[in-house]
Amino acid sequence: MRCADLDRELIGLKTEEQKLIREIKAAAKANNQASMKILAKSLVRLRAQMTKLQGSAANLKGVSTNLTVSTTGTLVRTDGDDVWQQSSGSAAAACHCLTL
């Protein structure tokens, strides 16, 4: 899945969460304990799913950032000639290489 797909899924889950909260309040107003209990369990499962999905999205974004940084090249001046080199991916190495 792409990050945008995960974000879209999270938005859908948040909408579902709001819907469940409204249904729980309606069941509480109607004094329907059985329905309220079932809906509350569903809400807990939904929130756990959202937490896992947010963790996955953060992990995927981190990996994407690392891949972007590790494939970025840097321009290095050696003996008066500009040479294109692959950076090692670390910010310190990139800063050191950029000093022209």
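Leaving aside its neighbours within four places in sequence, which residues is L13 in contact with? I would like to start there, and the answer is a short list, namely L46, Q49, M50 and L53. Please keep in mind throughout that what we are looking at is a predicted model, and that every value I quote has been computed from it.

Let me set out the overall arrangement before returning to that residue. The protein has three helices and two strands, and from the N terminus on the order of these elements is α-α-β-β-α. Of its 100 residues, 18% count as buried, and its accessible surface comes to about 7,300 Å², with 58% of that belonging to carbon and sulfur atoms. Among contacts between residues at least 6 apart in sequence, 41% join residues that are at least 24 apart.

A word on confidence, since it governs how much weight each region can bear. The average pLDDT of the protein is 78, and 67% of the residues score at least 70. Confidence is highest in α1, at 93, and lowest in helix α3, residues 91-97, where the mean is 45. Over residues 89-100 the pLDDT stays under 50, and for that stretch the model has 12 contacts beyond four places in sequence. For that reason I will spend my time on α1 and α2.

Helix α1 has 27 residues and reaches 39 Å from its first C-alpha to its last, which is close to the 39 Å expected at 1.5 Å a residue. The buried residues in α1 are L6, L10, L13, E17, L20, I24 and A27. It helps here to recall that an α-helix has 3.6 residues a turn, so residues three or four places apart point the same way.

Now to the core. The largest nonpolar core has 12 residues, and they are L6, L10, L13, L20, I24, A27, L39, L43, L46, M50, L53 and A57. The elements giving two or more residues to this core are α1 and α2. As a general point, in soluble globular proteins nonpolar side chains tend to be buried together. Our opening residue, L13, belongs to this core, as do L46, M50 and L53, whereas Q49, which L13 also contacts, lies in helix α2 and counts as partly exposed because its relative accessibility is 43%. The C-alpha atoms of Q49 and L13 are separated by 8.6 Å, although the two residues are 36 apart along the chain. G12, in helix α1, is partly exposed at 39% relative accessibility, and its C-alpha atom is separated from that of M50 by 10.0 Å, with the two positions 38 residues apart along the chain.

The buried set of α1 also includes a charged residue, and I would like to dwell on it. E17 lies in helix α1 and is buried because its relative accessible area is 12%, where the cut-off is under 20%. Not counting residues up to four places away in sequence, E17 touches L43, L46, R47 and M50. With R47 it forms a salt bridge, the closest N and O atoms being 2.6 Å apart. R47 lies in helix α2 and E17 in helix α1, so this pair ties together parts that are 30 residues apart in sequence. R47 itself, at 39% relative accessibility, counts as partly exposed.

The count of salt bridges comes to three, so let me go through the others. D7 forms one with K61, with 3.6 Å between the closest N and O atoms, and this pair too links distant parts of the chain, D7 being in helix α1 and K61 in helix α2, 54 residues apart. D7 is partly exposed at 31%, and K61 is likewise partly exposed, at 37%. The side chains of D5 and R8 also meet in a salt bridge, at 3.1 Å from N to O, but here both residues lie in helix α1, three residues apart, about one turn of the helix. D5 is partly exposed at 23% relative accessibility, whereas R8 is exposed, with 54%.

Finally, what happens just after α1? There N31 takes a positive phi of about 60°, although N31 is not a glycine. Most residues other than glycine have a negative phi. N31 is found in the loop between α1, residues 3-29, and α2, residues 33-70, and it counts as exposed because its relative accessibility is 58%.

Notes:
Residues are numbered from 1 along each chain as its sequence is written. This is a predicted model: local features need pLDDT of at least 70, side-chain atom pairs count only at pLDDT 80 or more; totals for chains, interfaces and linings use all residues. Side-chain values use heavy atoms; hydrogens and water are left out. Helices (H or I, at least four residues) and strands (E, at least two) are DSSP runs, numbered from the N terminus. Buried means under 20% relative accessible area, exposed over 50%, partly exposed in between (1.4 Å probe, protein chains only). A nonpolar core is a set of buried Ala, Val, Leu, Ile, Met, Phe, Trp, Tyr and Cys residues joined through side-chain atoms within 4.5 Å. Contact means heavy atoms within 4.5 Å. The expected span of a helix is 1.5 Å times one less than its number of residues. pLDDT is the predictor's confidence in each residue, from 0 to 100. Accessible areas come from the Shrake-Rupley method with a 1.4 Å probe; for residues, only the protein chains shown count as cover. A salt bridge is a side-chain nitrogen of Lys or Arg within 4 Å of a carboxyl oxygen of Asp or Glu.
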